[in-house]
Amino acid sequence: MQIKAPRGTYDILPEQSAKWQWMEKILKQTAYEFGYREIRTPIFEHTELFERGVGETSDIVSKEMYTFKDKAERSITLRPEGTASCARAFIEHGFYSGLLPVKWYYSGPMFRYDRPQTGRFRQFHQFGVEAFGSDNPFLDAEVIILLMEIVKLLGVKEPELHINSVGCPVCRPMYRQLLIEYLEPIKTALCSDCQLRYAVNPLRVIDCKNHSCQAAIKEHPLLSDSLCPDCTLHYQKVKSALSANGIDFIHDDNLVRGLDYYTNTAFEVHIPGLGAQSAVGGGGRYNGLVKECGGPDVPGVGFALGMERMLLAADLYQDQQEPANPVDVFIITMESRFIDQAMQLTTQIRRAGISADMDYNDRSPRAQMKFADKIKARLVIMIGEEEIEKGYYLVRDMQTSNQYQVDRETLTENLPGILLKNEED
RNA sequence: GUGGGUGUAGCUCAGUUGGCUAGAGCACCAGAUUGUGGCUCUGGGGGCCGUGGGUUCAAGUCCCAUCAUCCACCCCA
């Protein structure tokens with residue numbers, strides 16, 4: 001049987017990679033402008049990092065990780081997300097005793113053993129930022145503004161920003177208790193998943209998409225009514241900072257992050273029309289994470305965005321110009337015995353910083369022309385007996401079909417000018 | 001993990017109630033055009049019909065299994 005890419009993985013072919021490069025450039029440049037610098041962490045880590053950093057009760061850890069034993073029997077896991085690795089690196093290199101906050105961005109493949117679907121893969125790519133070492137609500141706002149700026153620059157017209165506050169270790173347990181008391185009498189009306197959630201992580205019952213559950217809990221107590229004064233103030237400052245910077249948002253009581261080290265701000269960006277997996281990016285504040293991973297009690301905030309989903313979203317608003325990647329110059333030989341000169345000329349042009357290619361399949365001049373046309377070469381240079389003898393090469397502009405005899409000695413230095421003229425046409 | 005749809009050429013797909021050597025368009029290669037692309041015409045190469053079993057005189061077509069893929073649930077990015 002033919003070997004195919006494993007389930008949930010795929011190839012990004014050259015035709016597509018131009019689009020990826022376009023997106024990656026915007027991502028990195030925008031994060032850079034916001035003061036974030038790149039960090040590259042390993043693609044696999046000790047399994048324990050994710051168990052502690054993501055949370056053992058989460059779906060990610062309990063059923064979606066690519067975990068294996070290495071040859072020395074260490075339990076290794078292909079990273080399912082990027083935040084835990086950043087927290088680990090932050091602690092490992094002692095950044096907590098240096099200049100704070102530290103602001104990092106990362107980009108790369110993540111792995112989750114999920115069932116593939118529109119916008120969902122087993123190897124997928126995330127871009128994310130993390131800011132460690134400040135509890136200032138304006139930093140929450142900065143992270144959100146950065147995400148929204150990126151979404152806008154990628155051409156997505158109507159993103160929906162949902163935000164909420166999930167409280168802190170002071171007020172959330174109180175709310176949790178309130179919720180348990182509310183759910184207890186009606187728990188038999190909940191779906192089987194929610195009955196499990198009720199026992200393990202009752203906050204997650206709130207964002208169940210099941211209609212009967214939503215109906216059953218319609219009157220549930222709201223987290224926003226139970227926030228302590230500090231958390232209320234923090235949330236208000238985030239919201240007013242967003243408004244002051246022209247960011248629209250929807251307060252969403254049902255947006256929750258159940259784990260203990262998530263605190264205060266939680267947010268998600270949805271793109272209507274993306275299919276079931278409409279969340280293109282999400283994040284929040286995680287003041288308990290660094291401590292959970294074995295470091296000091298340092299706050300943090302960040303987001304991650306799904307690059308595949310982001311490209312899907314950008315495709316919905318296709319006023320982006322398709323990035324073409326033609327070759328500048330194609331060298332043709334009129335007889336195959338001139339291939340030696342063709343290669344030397346190609347090398348010379350490439351060394352001048354101009355993209356150039358030639359025929360390696362011993363094609364007829366006509367077939368070489370066809371080839372040059374198909375790869376959208378802008379100029380063709382022809383080498384034949386007459387050219388060799390008389391010391392010039394024939395340069396053909398493929399758009400206008402004009403041909404020039406250009407002296408062999410000055411050809412390379414004249415090419416940029418000819419290409420520029422070609423661009424103007 | 002659960003449910004539904006789909007698997008025929010590199011790609012998009014046709015293929016009748018089971019019946020001759022499995023087709024089209026696009027793409028690729030060559031020629032028409034002996035030193036010149038796009039248009040046109042002619043020819044050519046390409047198929048374990050996803051895989052394995054079964055029913056039948058006969059299976060691309062029917063049945064079962066399996067794998068892959070798509071969509072949804074779940075969850076998340």
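How many nonpolar, polar and charged residues make up the lining of the second largest pocket? The last view gives the reply; let us get there step by step.

This is a predicted model, in which local features need pLDDT of at least 70, side-chain atom pairs count only at pLDDT 80 or more, and totals for chains, interfaces and linings use all residues. Residues are numbered from 1 along each chain as its sequence is written, chains are lettered from A and ligands numbered from 1 in the order in which they are written, and side-chain values use heavy atoms, with hydrogens and water left out.

**View 1. The protein surface near RNA strand B.** Welcome to the RNA: 45 residues surround strand B, and the closest are Arg112, Thr118, Arg197, Met398 and Ser401 (near means that a heavy atom of the residue lies within 4 Å). This surface has 21 charged, 13 polar and 11 nonpolar residues. Here Ala, Val, Leu, Ile, Met, Phe, Trp, Tyr, Cys and Pro count as nonpolar, Asp, Glu, Lys and Arg as charged, and the others, Gly among them, as polar. Of the RNA atoms within 4 Å of the protein, 47% belong to sugar or phosphate, and the rest to bases.

**View 2. Polar contacts with RNA strand B.** Look for pairs of N or O atoms within 3.5 Å; within protein, one must be able to donate a hydrogen and the other to accept it, and residues adjacent in sequence count only if both atoms are side-chain atoms. A polar side-chain atom of Arg120 lies 2.7 Å from a base nitrogen of strand B. The side chain of Arg363 has an N or O atom 2.9 Å from a phosphate oxygen of strand B.

**View 3. The second largest cavity.** Its space is about 40 Å³, and its lining consists of Thr41, Arg79, Glu81, Gly82, Ser85, Cys86 and Tyr106. On a 1 Å grid over the protein atoms alone, a cavity is a set of points where a 1.4 Å probe fits but cannot get out, and lining residues have an atom within 4 Å of a point. Volume is the space filled by probe spheres set on the points, which are joined across faces, edges and corners.

**View 4. The second largest pocket.** This pocket, an open set with protein on both sides within 12 Å along at least five of seven lines, has a volume of about 360 Å³. Among its 18 lining residues, Cys168, Pro169, Thr263, Asn264 and Asn287 are the closest to its centre. As for the opening question, the lining divides into 7 nonpolar, 5 polar and 6 charged residues.
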